[in-house]
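Me: I would like to learn how to read some features of a protein model. Could you take me through them one at a time?

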Amino acid sequence: MSVSENIMRLAREHDFRIREDRRVIHRRPGVGMEVEETASFVAKTLEEIGLDVRRGVGGTGVVALLEGREAGPVVGLRADMDALQIQEQTGLPFASEIPGIMHACGHDAHTAMLLGAARVLSALKGTIRGAVKFVFQPAEECAPTGGAPAMIADGVLENPTVDAMVALHVWPDLPTGKVGIKTGPIMGASDRLDLIVRGRSAHGSTPEQGVDAVVVAAQVITALQTVVSRSVNATEAVVLTFGTVHGGYRYNVLADEVRLEGTLRTLNPNIRDVLPGKIDALARGICRGMGGDCEMHYERGYAPTINHPETVSVVRESIANILGERGILEIEKPTLGGEDFSFFASRVPSVFLWLGCRPEGIAPEDFPPLHNPRFTPDESCFSIGAAVLAQAAWDLLKKLGGGISA
């Protein structure tokens with residue numbers, strides 16, 4: 001039996017446990033760094049598997065190390081553990097028991113699959129040269145800060161030093177049985193901006209005596225879309241979105257202040273560096289030209305998640321080893337959704353994968369998307385994800401000089 005056949009066999013044997021782990025995690029979600037219950041479950045499970053476990057990494061993160069029979073390279077596998085502040089509407093028998101919080105982005109599945117991969121690789125421990133570090137991270141949804149930087153600061157990539165990393169995300173656009181992979185940018189930078197538009201209050205019947213911050217803000221919102229459409233090459237992926245507008249006191253009073261909260265998404269680091277200045281200059285020019293002023297607060301968040309070419313080449317073979325060539329989907333266009341795995345990928349050669357989780361026979365438009373209160377991934381994809389993670393770790397160890405011991 002080949003290594004890949006053995007890995008797939010072990011993943012299928014653990015399929016029931018992976019599903020049960022996911023359901024346990026799904027029932028008791030936590031947000032941000034407040035994932036103590038999930039982290040405790042993860043740590044206890046890893047200890048039962050027989051791994052060396054470190055708790056409280058970067059706050060509430062958990063890290064486990066699987067050391068092979070011989071010393072060698074180290075591959076990191078990462079899963080995120082946090083949920084979203086969304087009231088669940090799935091009707092599942094294991095639906096969230098925490099009001100207003102649910103795993104609407106599949107992080108419960110990511111965590112369960114990584115636990116599954118830990119079981120699979122532990123069964124192969126005696127033939128591994130090198131080590132695998134299992135990284136369970138909180139606060140992935142907490143843009144622009146995220147949970148990865150705190151774990152990195154707490155030494156997650158050291159002692160032993162991680163040579164390569166892999167992570168995956170359930171992806172409802174793809175059917176179960178497919179894994180999406182791409183060289184280069186796969187997820188976008190996720191930055192945040194607040195614009196405070198200032199005017200001068202007056203009675204609504206005498207607007208000439210004031211400066212209407214609502215009207216000024218409306219002009220700013222409209223004009224700033226030209227920063228994307230007229231200042232950036234049309235072939236570049238850029239999105240500027242304002243999600244909230246707050247201002248005013250009363251229906252018949254000119255607002256003296258309006259606050260706009262938005263996000264800028266980019267793939268090109270150079271464009272990411274240039275656009276904030278253009279946004280600030282245009283907004284100030286409009287506000288001052290209409291008698292008001294503005295102030296911008298800009299916070300850089302997640303960088304683009306960029307897949308390392310050589311690491312992609314190895315992991316593409318890993319997918320083929322598990323699913324055959326038919327299971328590989330070459331992603332043509334990245335998404336501008338942010339992902340704080342980018343903090344790891346900027347330091348270690350890494351690959352971020354999209355795992356198909358839409359059941360056969362259901363069209364994409366009929367399946368709830370990520371961050372939807374009805375989202376739940378197809379459980380049939382869980383053993384596939386665990387196997388792909390385990391195989392990727394195995395193949396990368398071998399490529400880096402580890403892998404099978406003689």
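Reply: What follows goes through a sheet, two helix packings, the cysteines, some unusual backbone spots and one histidine. Keep in mind that this is a predicted model.

Me: Start with the sheet. What holds strands together, in general?

Reply: Strands of a sheet pair through backbone hydrogen bonds, and the pairing is either parallel or antiparallel. Here four strands make an open sheet, ordered β9-β10-β8-β11, with antiparallel pairing.

Me: Which strands stand at the edges, and why does one side of each lack a neighbour?

Reply: The edge strands are β9 (238–247) and β11 (293–302); each has a single partner strand, so one side of each has no neighbour in the sheet. From one strand to the next, the twist averages 15°.

Me: How many bridges join β8 to β10, and how many join β9 to β10?

Reply: Strand β8 (residues 189–198) pairs with strand β10 (residues 257–266) over ten bridges, in the antiparallel sense. Between β9 and β10, also antiparallel, there are nine bridges.

Me: How do I follow the register residue by residue?

Reply: Look up bridge partners. Ile196 has Arg259 in β10 as its partner, and Asp194 has Glu261 in β10. From the β9–β10 pairing, take Phe242, which stands opposite Gly262 in β10. As a general idea for reading along a strand, side chains in a regular strand alternate between the two faces of the sheet.

Me: Which helix lies across these strands?

Reply: Helix α7 (residues 269–289) lies across β8, β9, β10 and β11. Its direction is at about 165° to β11.

Me: Now a helix against a helix. At what angle do α1 and α10 pack, and how far apart are their axes?

Reply: Helix α1 (residues 3–13) packs with helix α10 (residues 382–399) at about 145°, and the axes are 9 Å apart. The crossing of the two is right-handed.

Me: Which residues meet there?

Reply: On the α1 side they are Val3, Ser4, Ile7, Met8 and Ala11; on the α10 side they are Ser383, Ala387, Ala390, Gln391 and Trp394. By character, the residues of this contact are seven nonpolar, three polar and no charged.

Me: Next, the cysteines. What is a disulfide, and how many does a search of the whole structure find?

Reply: A disulfide is a covalent bond between the sulfur atoms of two cysteines. The search of the whole structure finds zero.

Me: Why is Cys105 without a bond?

Reply: The closest cysteine sulfur to that of Cys105 belongs to Cys357 and is 10.0 Å away, which is too far for a bond. Cys105 counts as buried because its relative accessibility is 7%, the cut-off being under 20%.

Me: What about Cys287?

Reply: Cys287 is in no disulfide either; its nearest cysteine sulfur, in Cys294, is 4.0 Å away. The cut-off for a disulfide is a sulfur pair within 2.5 Å. Cys287 has 0% relative accessibility, so this residue counts as buried.

Me: Turn to the backbone. Which peptide bonds ahead of Pro144 and Pro160 should I look at, and are they cis or trans?

Reply: The bond from Ala143 to Pro144 is cis, with omega near 10°. Pro144 sits in the loop between β4 (128–137) and α5 (148–153). Asn159 and Pro160 are also joined by a cis peptide bond, with omega about 0°. Pro160 lies in the loop between α5 and β5 (164–175).

Me: Which residues other than glycine should I check for a positive phi?

Reply: Two cases to check are Ala139, with phi of about 60°, and Asn159, with phi near 50°. Ala139 belongs to the loop between β4 and α5, and Asn159 to the loop between α5 and β5.

Me: Is each of them buried or exposed?

Reply: Ala139 counts as buried, at 3% relative accessibility. Asn159 is exposed, with a relative accessible area of 72%.

Me: Last, where is His308 found, and what does it touch?

Reply: His308 is in the loop between β12 (305–307) and α8 (309–323). Leaving aside residues up to four places away in sequence, His308 touches Pro349 and Ser350. At 29% relative accessibility, His308 counts as partly exposed. The C-alpha atoms of His308 and Arg12 are separated by 29 Å, and the two residues are 296 residues apart along the chain.

Key:
Residues numbered from 1 in each chain as written. Predicted model: local features only at pLDDT ≥ 70, side-chain atom pairs only at ≥ 80, totals over all residues. Heavy atoms only, no water. Axes fitted to C-alpha atoms, helices over the stretch in contact; angles between N-to-C directions. Left-handed = near helix turned anticlockwise from the far one by under 90°. Contact = heavy atoms within 4.5 Å. Nonpolar A, V, L, I, M, F, W, Y, C, P; charged D, E, K, R; others polar. Pairing = 2+ DSSP bridges. Buried < 20%, exposed > 50% of the residue type's maximum accessible area, 1.4 Å probe, protein only.
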